[in-house]
Amino acid sequence: MLNKRVEDICNRQVEREGYSSNLYLAMASWAEVNGLAGVAQWLYVQSDEERIHMLKFIKYINERGGKAVMPAFEQPPVDFKSVQHVFEEVLKHEEFVTASINEIVALTLEEKDFNTHNFLLWFVMEQVEEEASAMKILDKLRLVGDNNLYQFDRDIMSQRAPADNNTQAAT
Ligand SMILES: [Fe+2]
Ligand SMILES: [Fe+2]
């Protein structure tokens with residue numbers, strides 16, 4: 001059975017993963033209307049993955065005798081200055097999520113909740129990947145500059161593994 005503090009902080013993470021999904025949807029939509037089909041596709045897949053992260057928390061909370069609560073979400077930004085700006089925001093957001101996961105890990109140690117601690121290890125590893133992939137894209141964008149986005153847009157999908165790896169992990 002989940003203790004109340006752990007349940008509450010896991011519900012906070014339901015909101016944060018769900019907001020991540022909406023944020024990347026907003027970025028995908030911005031990229032799509034700006035003619036960046038590859039960037040849009042990358043972000044749509046990223047959004048799907050974040051929804052799966054949210055589901056993992058929902059199912060875990062309920063499985064442990066807690067109650068997952070669907071939150072209201074803040075509206076994500078509508079406009080972005082550039083592709084570089086989008087990925088800077090992705091990296092910043094992932095760093096925020098990493099800190100959030102680490103806070104939950106710390107609480108599970110304090111509460112001696114080793115089941116939840118074990119559940120969280122997948123997310124600890126996932127955040128390493130999430131930050132690394134955003135940094136890799138930002139490195140590429142620095143090389144490309146503003147002038148050769150056509151090729152960048154075409155190549156970006158080869159930068160990531162297909163989303164269904166995570167889809168399977170969620171079931
Ligand atoms: Fe996530
Ligand atoms: Fe993420």
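# Close-up views of a predicted model

**View 1. Arg154 is exposed, its relative accessible area being 53%.** This residue counts as exposed because its value lies above the 50% threshold, and, like everything shown in these views, it belongs to a predicted model. Its partner here is Asp155, with which Arg154 forms a salt bridge whose closest N and O atoms are 3.9 Å apart; this separation counts because the limit for such a pair is 4 Å. Asp155 has a relative accessible area of 34% and is therefore classed as partly exposed. A search of the whole structure returns seven salt bridges, and some of the others are taken up in later views.

**View 2. Glu17, Glu50 and His53 coordinate the iron ion (ligand 1).** The donors are OE of Glu17, OE of Glu50 and ND1 of His53, at 2.1 Å, and the spacing of these donor residues in sequence reads E-x32-E-x2-H. Glu50 also serves as a bridge between the iron ion (ligand 1) and the iron ion (ligand 2), the two ions lying 3.3 Å apart. Glu17 and Glu50 link distant parts of the chain, since Glu17 sits in helix H1 (residues 4-33) and Glu50 in helix H2 (residues 37-63), 33 residues apart. Both Glu17 and Glu50 are buried, which means that each has a relative accessible area under 20%.

**View 3. Helices H1 and H2 cross at roughly 165 degrees.** Two packed helices are described by the angle between their axes together with the distance between those axes. For H1 and H2 the axes come within 8 Å of one another, and the crossing angle makes H1 roughly antiparallel to H2, because angles over 145 degrees are assigned to that class. The crossing of H1 and H2 is left-handed. Of the residues that make up the contact of H1 with H2, 15 are nonpolar, nine are polar and five are charged.

**View 4. Arg5 and Glu110 meet through their side chains in a salt bridge.** Side chains of opposite charge can pair when their charged atoms come close. In the pair shown, the N to O distance is 3.1 Å, and the contact links distant parts of the chain, with Arg5 in helix H1 and Glu110 in helix H3 (residues 83-110), 105 residues apart. Arg5 counts as partly exposed, at 45% relative accessibility, whereas Glu110, with a relative accessible area of 54%, is exposed. A network of salt bridges links Arg5, Glu110 and Glu111.

**View 5. Arg12 and Glu103 form a salt bridge between helices H1 and H3.** The side chains of Arg12 and Glu103 meet with an N to O distance of 3.2 Å, and here too the pair links distant parts of the chain, Arg12 lying in H1 and Glu103 in H3, 91 residues apart. Arg12 is partly exposed, with a relative accessible area of 26%, and Glu103 is likewise partly exposed, with a value of 42%.

**View 6. Lys4 of helix H1 is shown together with Gly66.** Lys4 and Gly66 are 62 residues apart along the chain, and their C-alpha atoms are separated by 8.2 Å. Lys4, which lies in helix H1, has a relative accessible area of 54% and is therefore classed as exposed.

Methods
Residues are numbered from 1 along each chain as its sequence is written. Chains are lettered from A and ligands numbered from 1 in the order in which they are written. This is a predicted model: local features need pLDDT of at least 70, side-chain atom pairs count only at pLDDT 80 or more; totals for chains, interfaces and linings use all residues. Side-chain values use heavy atoms; hydrogens and water are left out. Donors are N, O and S atoms within 2.8 Å of the metal (3.2 Å for Na, K and Ca); water is not among the atoms, so sites may look incomplete. Helices (H or I, at least four residues) and strands (E, at least two) are DSSP runs, numbered from the N terminus. Buried means under 20% relative accessible area, exposed over 50%, partly exposed in between (1.4 Å probe, protein chains only). Axes are lines fitted to C-alpha atoms, for helices over the stretch in contact, and angles run from 0 to 180 degrees between N-to-C directions. Angles under 35 degrees count as roughly parallel, over 145 as roughly antiparallel, 65 to 115 as roughly perpendicular and the rest as oblique. A crossing is left-handed if the near helix is turned anticlockwise from the far one by less than a right angle, and right-handed if clockwise. Ala, Val, Leu, Ile, Met, Phe, Trp, Tyr, Cys and Pro count as nonpolar, Asp, Glu, Lys and Arg as charged, and the others, Gly among them, as polar.
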